[in-house]
Amino acid sequence: MADKEDLKLLGLQLSPFVIRVCMALTMKGVSFEYVEEDLNNKSELLLKSNPVHKKVPVLIHNGKPICESLVILQYVDELFAGRSILPADPFERATARFWAAYVDDKLFPAWYGMVKAQAEEERAEKVKETLAAIEKMEVAFAKCSGNGNAAFFGGDSIGYVDIVLGSFLFWFEAVRRVDGLEIIDASKTPLLAAWAERFGGSVEAKEVVPVPEADLAVQYINKFRAPAIDAAKLASSE
């Protein structure tokens, strides 16, 4: 296991992609140095460590950078001893990778488009796409958990898909507060809603995602949408 000075994580407080890496490292019991980045003024270390995408998270291990959160999670799981994050069975492992990729490739773009949408029509379309992706994750959880017989996607303990999807939950809560939208609605996706309650109440989640994160996310959404709100007020006054 690397000493603290050998492991450095470049991140951003509200990034779900960074939070999932923090959770994986914490679950493994690994000490690391966390460096908060300013994406409006990216550090030389970030630009040097991730010259292709210039994004966080970046995990620097013994001076060698590993980029992209899903890649980092697999690296951490393979490198460090302790509880496994990915399943041992090859088929289950492939299935977990598939659904993790689905979260990042389908759910995230729809949700992020909804958050940043300035026009109501655009937002409504992205809401539709987001909820459709969540319904797919309900089906995925049913299959992975034996129709809800297991507590998590990873079985009786938090695993790869749990970390990947769970890293968005505080953002989903922020959307509920701002828009009144239940992204994971117990009446429509009951298995996923029960999973979200268990995940949010877990020791692993509480260690990495403190309650104020949702408050900060609310502030971010309101600040992001402020120009559109001001423009609407101006238009209505003309």
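How many of the twelve residues of helix H1 are buried? Eleven of them are, so that H1 is mostly covered. The structure described here is a predicted model, and this briefing takes up its two largest pockets, then helices H1 and H7, and finally a set of individual residues in loops, strands and helices.

**The largest pocket**

- The largest pocket of the predicted model has a volume of about 950 Å³, and its lining is made up of 30 residues, among which Leu12, Ser15, Leu39, Tyr112 and Tyr220 lie nearest the centre.
- Two or more residues of this lining come from each of helix H1 (16-27), helix H3 (69-79), helix H4 (90-116) and helix H10 (212-237), and H10 gives the largest share, with five residues.
- Sorted by class, the lining of the largest pocket holds 15 nonpolar, six polar and nine charged residues.
- Both domain 1 (7-79) and domain 2 (90-224) take part in the lining of the largest pocket, each of them giving at least three residues.

**The second largest pocket**

- The second largest pocket contains about 640 Å³ of space and is lined by 23 residues, of which Leu169, Phe170, Glu173, Ala196 and Gly200 are nearest its centre.
- The elements that contribute two or more residues to the lining of the second largest pocket are helix H7 (169-179), helix H8 (190-200) and helix H9 (203-208).
- In the lining of the second largest pocket, 14 residues are nonpolar, three are polar and six are charged.

**Helices H1 and H7**

- Helix H1, with its twelve residues, spans 16 Å from its first C-alpha to its last, which is close to the 16 Å expected at 1.5 Å a residue.
- The buried residues of H1 are Pro16, Phe17, Val18, Ile19, Arg20, Val21, Cys22, Met23, Ala24, Leu25 and Met27.
- At the start of H1, a side-chain oxygen of serine 15 comes to within 3.2 Å of the backbone nitrogen of phenylalanine 17; Ser15 is also one of the residues nearest the centre of the largest pocket.
- Just after H1 comes glycine 29, which has a positive phi of about 75°.
- In helix H7, the buried residues are Leu169, Phe170, Trp171, Phe172, Ala174 and Val175, and of these Leu169 and Phe170 are also among the residues nearest the centre of the second largest pocket.
- Following H7 is glycine 180, with a phi that is likewise positive, near 70°.

**Backbone angles in the loops**

- Most residues other than glycine have a negative phi, and most peptide bonds are trans.
- Lysine 54 has a positive phi, near 60°, although it is a residue other than glycine; lysine 54 is located in the loop between helix H2 and strand S3, and with a relative accessible area of 36% it is partly exposed.
- The loop between helix H2 (44-49) and S3 also holds proline 57, and the peptide bond that leads from valine 56 to proline 57 is cis, with omega near 5°.
- Asparagine 147 is another residue other than glycine with a positive phi, near 60°; asparagine 147 belongs to the loop between helix H5 (120-144) and helix H6 (160-166), where its relative accessible area of 58% makes it exposed.

**Individual residues and their distances**

- Isoleucine 60 is part of strand S3 (residues 58-61), and because its relative accessibility is 10%, isoleucine 60 counts as buried.
- Between isoleucine 60 and leucine 46, which are 14 residues apart along the chain, the C-alpha atoms are 10 Å apart.
- Leucine 46 has its backbone nitrogen 3.0 Å from a polar atom of the side chain of serine 43.
- Serine 43 is situated in the loop between strand S2 (33-36) and H2, and its relative accessibility of 24% places serine 43 in the partly exposed class.
- Serine 43 and alanine 214 are 171 residues apart along the chain, and a distance of 26 Å separates their C-alpha atoms.
- Alanine 217 is found in helix H10 and is buried, with a relative accessible area of 0%.
- The C-alpha atoms of alanine 217 and valine 178 are 9.8 Å apart, while along the chain the two residues are separated by 39 residues.

Notes. Residues numbered from 1 in each chain as written. Predicted model: local features only at pLDDT ≥ 70, side-chain atom pairs only at ≥ 80, totals over all residues. Heavy atoms only, no water. 1 Å grid on protein atoms, 1.4 Å probe; cavity = no way out; pocket = protein on both sides within 12 Å on 5 of 7 lines; lining within 4 Å. Points joined across faces, edges and corners; volume = space filled by probe spheres on them. Helix = DSSP H or I, 4+ residues; strand = E, 2+ residues; numbered from the N terminus. Nonpolar A, V, L, I, M, F, W, Y, C, P; charged D, E, K, R; others polar. Domains from an automatic or database assignment. Expected span 1.5 Å × (residues − 1). Buried < 20%, exposed > 50% of the residue type's maximum accessible area, 1.4 Å probe, protein only. Polar contact = N/O pair within 3.5 Å; in protein donor to acceptor, adjacent residues only side chain to side chain.
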